[in-house]
Amino acid sequence: MVARRGKLIVFEGCDRSGKSTQCAKLTDRLRKEGHKAELLKFPDRTTSIGLIINNYLANKEDQSDEVIHLLFSANRWECMQKMTNLLLGGNNLVIDRYAYSGIAYSAAKGMDLNWCRQPDVGLIKPDKVIYMTLSENKASERADFGEERYEKKEFQAKVEKIFEQLHDPSYWQVVNGDGSIDEVHQDIFSAVSEVLSADCGPLQKLW
Ligand code: DGP
Ligand code: NA
Ligand code: NA
């Protein structure tokens, strides 16, 4: 019998919302509970496109808004065959950022939202998007932003507004990241458990 396909779980949210910590915790938990699970992250800075993106984020290299937008998208496209193979092989994928970050961070610069959406049309559609939020209070308690290009308070507020526009309640779950790491993990784990036991049908495409 052919293995049931794995589920695609995407984490989205602003910088410092706790995505990376929660992605790692969820992947561990899934494995402990006997599920096959792999963790991926975008941008994937290890490919040649990823290296250009890394230099851009580190402010070592400039790119036009259009070029960097297309490179972020290409960085996702170059992973599609691998993701398809993993999912069809029964692996659940946990992904730290995806096309929604692509749109949110570019549109926050004032770029046209519809233009921004186009390059990611046809990527594998997630079965669930975990959208992590953080209240102002909690955000200011966390360590300061780093040095990277987008890590500024005013810019993050614009990004958040675009994420709110992209929010699709049919497959997004908003998770408040204000609680302790374990509390937040518990919320995420219950949302994801539902998806894992559901029959989501064949892989679908964005958008
Ligand atoms: P991270 O490694 O998750 O902290 O992401 C690096 C930074 O890049 C972060 O500020 C979010 C931003 N980012 C992630 N994906 C995209 C994308 O597709 N397009 C743009 N413009 N920015 C992105
Ligand atoms: Na970051
Ligand atoms: Na992160």
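**View 1. Helix 5 and the elements that cover it in this predicted model.** Strand 1, helix 3, helix 6 (113-117), strand 4, helix 8 and strand 5 (172-176) are among the elements covering the buried residues of helix 5. Nine of the nine residues of helix 5 are buried, so the helix is largely enclosed by the rest of the structure. The buried set begins with Ala99, Tyr100, Ser101 and Gly102. Ile103, Ala104, Tyr105, Ser106 and Ala107 complete the set. Helix 5 also gives two or more residues to the lining of the largest pocket.

**View 2. The sodium ion (ligand 2) and its protein donors.** Two residues supply the protein donors: Asp15 through OD and Glu151 through OE. These donors lie 2.4 to 2.8 Å from the ion. The pair links distant parts of the chain, with the two positions 136 residues apart in sequence numbering. Asp15 sits in the loop between strand 1 (8-13) and helix 1 (19-32). Glu151 sits in the loop between helix 7 (136-141) and helix 8 (153-166). Both Asp15 and Glu151 are buried; each therefore has under 20% relative accessible area, computed on protein chains only. A further sodium ion (ligand 3) is 5.3 Å from the sodium ion (ligand 2).

**View 3. The largest pocket and its lining.** The volume of the largest pocket is about 550 Å³. Its lining counts 35 residues. Closest to the centre are Asp15, Lys19, Lys41, Arg97 and Tyr105. Asp15 is also a donor residue of the sodium ion (ligand 2), and Tyr105 is one of the buried residues of helix 5. Helix 1, helix 3 (65-77), helix 5 (99-107) and helix 9 (181-197) each give two or more residues to the lining. By class, the lining holds ten nonpolar, twelve polar and 13 charged residues.

**View 4. The second largest pocket and its lining.** This pocket has a volume of about 410 Å³. The lining consists of 19 residues. Arg16, Glu136, Ala139, Phe145 and Gln156 lie nearest the centre. Strand 4 (128-133), helix 7 and helix 8 each supply at least two lining residues. Helix 8 gives the most, with four residues. The classes split into seven nonpolar, five polar and seven charged residues.

**View 5. Leu196 in helix 9.** Leu196 is buried, at a relative accessible area of 12%. That value is under the 20% cut-off for buried residues. Leu196 touches Arg4, Lys7, Leu30, His35 and Asn92, leaving aside residues up to four places away in sequence. Ile9 and Leu196 are 187 residues apart in sequence. In space, their C-alpha atoms are 9.6 Å apart.

**View 6. Thr46 in the loop between strand 2 (37-41) and helix 2 (48-57).** Thr46 is exposed, with a relative accessible area of 70%. That value is over the 50% cut-off for exposed residues. Thr46 and Ala99 are 53 residues apart in sequence. Their C-alpha atoms are 18 Å apart in space. Ala99 is one of the buried residues of helix 5.

**View 7. The annotated span, residues 11-188.** An unreviewed UniProt entry places the feature "domain: Thymidylate kinase-like" on this span. Over residues 11-188, the chain is 49% helix and 13% strand. The end C-alpha atoms of the span are 10 Å apart.

Technical notes:
Residues numbered from 1 in each chain as written. Chains lettered and ligands numbered in written order. Predicted model: local features only at pLDDT ≥ 70, side-chain atom pairs only at ≥ 80, totals over all residues. Heavy atoms only, no water. Donors = N, O, S within 2.8 Å, 3.2 Å for Na, K, Ca; no water. Buried < 20%, exposed > 50% of the residue type's maximum accessible area, 1.4 Å probe, protein only. 1 Å grid on protein atoms, 1.4 Å probe; cavity = no way out; pocket = protein on both sides within 12 Å on 5 of 7 lines; lining within 4 Å. Points joined across faces, edges and corners; volume = space filled by probe spheres on them. Nonpolar A, V, L, I, M, F, W, Y, C, P; charged D, E, K, R; others polar. Contact = heavy atoms within 4.5 Å. UniProt positions renumbered as here; feature names shortened; annotations may be inferred.
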